[in-house]
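Work through the exercises below with the structure in view. Each task is followed by a solution in steps.

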Protein chains: 2
Amino acid sequence: MNRIQLLIIVFIIGFYLPLSAQTDDMVKEDFQGSLVNQPGKEFPKVNSEGRVRVRIEAPQANNVQLDIGGVKYDLKKNDGGIWIGESAPQDEGFHYYQLNIDGASVPDPGSKYYYGAGRWGSGIEIPAQDHEFYEMKDVPHGSITENIYFSEITQDWRRNFVYLPPGYFENSEERYPVLYLQHGSFEDETGWASQGHANLILDNLIASGKAKKMIVVMDNGYAYKPEAMQNAQDGHPKSAFEEVLIEEVIPNIDKKFRTKASRAYRAIAGLSMGANQTMRIIMNNLNLFSYYGGFSGTSNYPGNEKIDTKTFLNGAFEDADKVNEKLKVLWLGLGTKEPEVFLKTVGDFKEMAENKGISYTFYESPQTAHEWLTWRRCLYQYAQLLFK
Amino acid sequence: MNRIQLLIIVFIIGFYLPLSAQTDDMVKEDFQGSLVNQPGKEFPKVNSEGRVRVRIEAPQANNVQLDIGGVKYDLKKNDGGIWIGESAPQDEGFHYYQLNIDGASVPDPGSKYYYGAGRWGSGIEIPAQDHEFYEMKDVPHGSITENIYFSEITQDWRRNFVYLPPGYFENSEERYPVLYLQHGSFEDETGWASQGHANLILDNLIASGKAKKMIVVMDNGYAYKPEAMQNAQDGHPKSAFEEVLIEEVIPNIDKKFRTKASRAYRAIAGLSMGANQTMRIIMNNLNLFSYYGGFSGTSNYPGNEKIDTKTFLNGAFEDADKVNEKLKVLWLGLGTKEPEVFLKTVGDFKEMAENKGISYTFYESPQTAHEWLTWRRCLYQYAQLLFK
């Protein structure tokens, strides 16, 4: 082989290498069991590229797929009737997913289950570079308490989960400020203390002295009066969540727990639909709250037009001096990879605030979309500003 | 038609009726959505015979089955690619089940999920005639609190769920007795406050004045020292649960919550494996507890031989006077349809107690097997005898 032949071979290899790197053969084989697997389950697994590999025994199936982030990946069947395969690299953080077995969309029997996307189903965790802030650490831990109550407004049993900070039970005197923290659409009151890790985020912040001890109340943002369904227009029944929160949840919490029951010690925040709801609620109730956090959302969603402060939320942002005086923190957060509608509506809100001279804090979560790692980071940032 | 012909026809109809009643054609069409469906899900359904009907879209599947109570029922596919079918009548109460799609055993996407049988998976509720005692009613409700702790013994993070009776939070002085309540094999600390409805059972008992206000602690009965796996004999690592409960859980609970921290105000109970574990624990620690409840189990399980009190639990039942003096209540419960091994071993224990003159209370749950309705009823009965 002469030098020309050698160069040709090197050129050919060099030409094909990048292509073959994109085939399944080049998947990095450093998979480890997912952090949110059921006890004793080996699969699903995640590799250092963020690929998700699933495995399921289905000897008589014709077609099995992994369905994650709206994309379906075909699995391959081995001689033992076991289907196995993996996704493209996923963003860091938590994602909902399911398996599709011959057309049936079902949870993966290997994963733990979470409520989101309107169903209890599988979740997967791609370890984030900054995972430490939401991890279980050797620090004093608060408690999550399930609080059941009957709503006279909706005429049904409801519940919230209440984070009580470390020391709440041992100490019988100390009173704490309260953050009301809401989930997004097609989620429920379980999200923040489960896939959201709100309790661990607060435990870690409190242990490091970065956040004040506080109570966090996580209720269900879906609330309707019995007659709402009949009166629903275009299939959208009128929400009674603001009434439930203001007239029932807050008095119930202030009665049951050792809260500091005044506006100086009350914050509210929410993600996506919850950001939209809670912005409306705080602007209607400035006598009750002094801190607002909007994680991936504002009340101008879906915002086809720019905000007109004369009409937006009944003119609540018209008087900038009043807003600046009443809202000790007006906080907005967004992932850099969010869908356009969120970038646009939150952007419009910021533009309005700047034009009016309304003070706000804006945070960008690097490389995350409209998902839980964005919201964990938002809570981590926002909670540090509260009650100081 | 003469009278003889008529009698023959009546006889023939009478002969075939019972047979045809067992075919699918005679399934009673009064199905209603299961009480433990996911929000908004129509299926699974249950009818007044206790049959479970499931439905799943799986257009390309060859074979779909409902797998409940160890029996598999074939579903039928309609033109829309939807599989539907029902089980034989089931016992009243709660059952774990799954779907089998072309050989893949998966949760039903319509049901809520429970930990049992060693997995998170589907559950179904066949309404019991006596359902009222574990139902959500308009009475004061206690709270379930998740309590995280680090175990020095097992060197890992563990948790228990703690039922705090109505008024615990509002009242800052009152102290309460404590019941330690354990799950069975292949279950975990979530069972009693979820499919067990321990909180609602206690709420209802307390509201009606039938039980004293008490704290209930539900921990995880699986606990192993780090070296246990290496030293495991025949794949059975040595349990460290007794050490964890006595040295870590009880001191932690007595420090954190307003308990009455003495043996007169401490009870212990468990179901199946938990009954076995807790009988051993109380007999080793009579200085700590004075009430025992064994739901579908005793420590002589699996009991191939009759109990010899000289050797059984190191002679703990040898001195009947001491046992009668120390155990204010020795309570045993069993479902009438339990498998032979439980009928036999609990029967052997009762025989031993009678021979020795040891006082005990025995309860039979009518028409239930080794399942949660038996244990809900056991808790309902047992809790009424505590701390009085």
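## Exercise 1: the span of a helix

Task: compare the expected and modelled spans of helix H4 (residues 273-284) of chain A.

Solution. Helix H4 of chain A has 12 residues, and at 1.5 Å a residue these should span 16 Å. The expected span is 1.5 Å times one less than the number of residues. The end C-alpha atoms of H4(A) lie 17 Å apart, which agrees.

This is a predicted model: local features need pLDDT of at least 70, side-chain atom pairs count only at pLDDT 80 or more, and totals for chains, interfaces and linings use all residues. Residues are numbered from 1 along each chain as its sequence is written, chains are lettered from A and ligands numbered from 1 in the order in which they are written, and side-chain values use heavy atoms, with hydrogens and water left out.

## Exercise 2: the surroundings of H4(A)

Task: decide how far H4(A) is enclosed, and list what covers it.

Solution. Buried means under 20% relative accessible area (1.4 Å probe, protein chains only). Among the buried residues of H4(A) are A:Met273, A:Asn276, A:Ile281 and A:Met283. In total, 10 of the 12 residues are buried, so H4(A) is largely enclosed by the rest of the structure. The cover includes strands S14 (178-182), S16 (266-271) and S17 (291-295), and helices H3 (241-256), H5 (320-326) and H6 (340-356) of chain A.

## Exercise 3: the whole chain

Task: what share of the residues of chain A counts as buried?

Solution. Chain A has 388 residues, of which 56% count as buried. Its C-alpha atoms fill a box of roughly 85 × 50 × 45 Å, taken along the principal axes.

Definitions and conventions. Helices (H or I, at least four residues) and strands (E, at least two) are DSSP runs, numbered from the N terminus. Buried means under 20% relative accessible area, exposed over 50%, partly exposed in between (1.4 Å probe, protein chains only). Contact means heavy atoms within 4.5 Å.
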